[in-house]
Amino acid sequence: MGNTIVNSMSAAIEDKVTEKAEYLLKKQKIKGLTARNTQMSMQLAMSRERMMWFSGFLGVVVTGLTAASIKRKAIHPGCIALLPLGTSYGYMWDAAYGTKINRCREESKNIIEDTSLWFVQELEDAKKDLEEYEKEKGIYNNNNNNHNNKQQETF
């Protein structure tokens with residue numbers, strides 16, 4: 001009789017703890033995604049701001065070189081600088097308004113999937129160590145552990 005009461009109380013407590021852990025994981029995921037989105041939007045805003053400043057600089061340089069070329073009635077030697085400046089401008093425009101962010105994200109996923117890189121291998125080793133520790137201590141069962149790894153691996 002005593003064992004059944006203890007077992008039922010233990011099961012009820014275990015259910016509450018599991019439910020609370022799942023709730024906390026969901027909250028943690030939301031906080032992590034919010035932090036990531038804030039950081040990404042700040043980087044994009046900085047990129048756009050940098051591009052606006054560079055646009056002003058490039059406008060002044062192009063105007064000055066055009067005026068110098070008209071005055072000399074020949075192409076000014078400073079026009080050579082327009083090639084790297086134009087290339088830099090195109091790069092910044094792509095980062096601020098184009099699809100560069102999406103291409104970088106895809107490349108980042110490819111890098112993470114490449115287990116031959118040393119930092120990716122360290123992460124995999126750390127995950128294996130954690131799994132072994134959890135199995136040894138009986139902290140999580142396999143379903144919860146796989147669920148946690150999937151949450152951490154999502155980009």
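**Exercise 1. Classify Asp94 and place it in the fold.**

Solution.
Step 1. The relative accessible area of Asp94 is 17%. The cut-off for buried is under 20%, so Asp94 is buried. These values come from a predicted model.
Step 2. Asp94 belongs to helix 2.
Step 3. Leaving out residues up to four places away in sequence, Asp94 touches Thr99, Lys100 and Arg103.
Step 4. Asp94 is one of the buried residues of helix 2, a list that also holds Leu85, Met92, Ala95 and Ala96.

**Exercise 2. Describe the chain as a whole.**

Solution.
Step 1. The chain has five helices and zero strands. In sequence order this gives the pattern α-α-α-α-α.
Step 2. The chain holds 155 residues, and buried residues make up 13% of them.
Step 3. The accessible surface comes to about 12,500 Å², and 61% of that belongs to carbon and sulfur atoms.
Step 4. Take the contacts in the chain with a separation of 6 or more: residues 24 or more positions apart account for 56% of them.

**Exercise 3. Check the length of helix 2 against the expected span.**

Solution.
Step 1. Helix 2 covers residues 82–97, which is 16 residues.
Step 2. The expected span is 1.5 Å times one less than the number of residues. For helix 2 this gives 22 Å.
Step 3. The end C-alpha atoms of helix 2 are 21 Å apart, which agrees with the expected span.

**Exercise 4. Find the residues of the largest nonpolar core and say which helix gives the most.**

Solution.
Step 1. The largest nonpolar core has eight residues: Met51, Phe54, Leu58, Val61, Leu65, Leu85, Met92 and Ala96.
Step 2. At least two residues of this core come from helix 1, and at least two from helix 2.
Step 3. Helix 1 gives the most, with five residues.
Step 4. Leu58, a residue of helix 1, serves as an example. Its relative accessible area is 12%, so Leu58 is buried.
Step 5. Leu58 and Leu85 are 27 residues apart in sequence, while their C-alpha atoms are 7.1 Å apart in space.
Step 6. With residues up to four places away in sequence not counted, Leu58 touches Leu82, Leu85 and Tyr89. On the same terms, Val61 touches Leu82 and Leu85.

**Exercise 5. Decide whether Ser47 is buried or exposed, and list what it touches.**

Solution.
Step 1. Ser47 is found in helix 1, which runs over residues 2–72.
Step 2. The relative accessibility of Ser47 is 10%, so Ser47 counts as buried.
Step 3. Beyond residues up to four places away in sequence, Ser47 touches Met92, Ala95 and Ala96. Met92, Ala95 and Ala96 are among the buried residues of helix 2.

**Exercise 6. Examine the aromatic pairs.**

Solution.
Step 1. A search of the whole structure finds three aromatic pairs.
Step 2. One of them is formed by Phe54 and Tyr89, with 6.5 Å centre to centre and 20 degrees between the planes. Planes under 30 degrees apart count as stacked, so this pair is stacked.
Step 3. Phe54 lies in helix 1 and Tyr89 in helix 2, so the pair ties together parts that are 35 residues apart in sequence.
Step 4. Phe54 is buried at a relative accessible area of 15%, whereas Tyr89 is partly exposed at 28% relative accessibility.
Step 5. The ring centres of Trp93 and Tyr97 are 6.4 Å apart and their planes stand at 40 degrees, so this pair is tilted.
Step 6. Trp93 and Tyr97 are four residues apart in helix 2, which means that about one helical turn separates them. Trp93 is partly exposed at 42% relative accessibility, and Tyr97 is partly exposed at 42%.
Step 7. Ring pairs also link Phe54, Phe57 and Tyr89 into a cluster.

**Exercise 7. Describe the backbone and surroundings of Lys73.**

Solution.
Step 1. Lys73 lies in the loop between helix 1 and helix 2.
Step 2. Phi of Lys73 is near 60 degrees, a positive value in a residue other than glycine.
Step 3. The cut-off for exposed is over 50%. Lys73 has 75% relative accessibility, so Lys73 counts as exposed.

Note on methods: Residues numbered from 1 in each chain as written. Predicted model: local features only at pLDDT ≥ 70, side-chain atom pairs only at ≥ 80, totals over all residues. Heavy atoms only, no water. Buried < 20%, exposed > 50% of the residue type's maximum accessible area, 1.4 Å probe, protein only. Contact = heavy atoms within 4.5 Å. Phe/Tyr/Trp six-rings, centres within 6.5 Å; stacked < 30°, edge-to-face > 60°. Core = buried A, V, L, I, M, F, W, Y, C linked by side-chain atoms within 4.5 Å. Areas by Shrake-Rupley, 256 points an atom, 1.4 Å probe, with all protein chains shown as cover.
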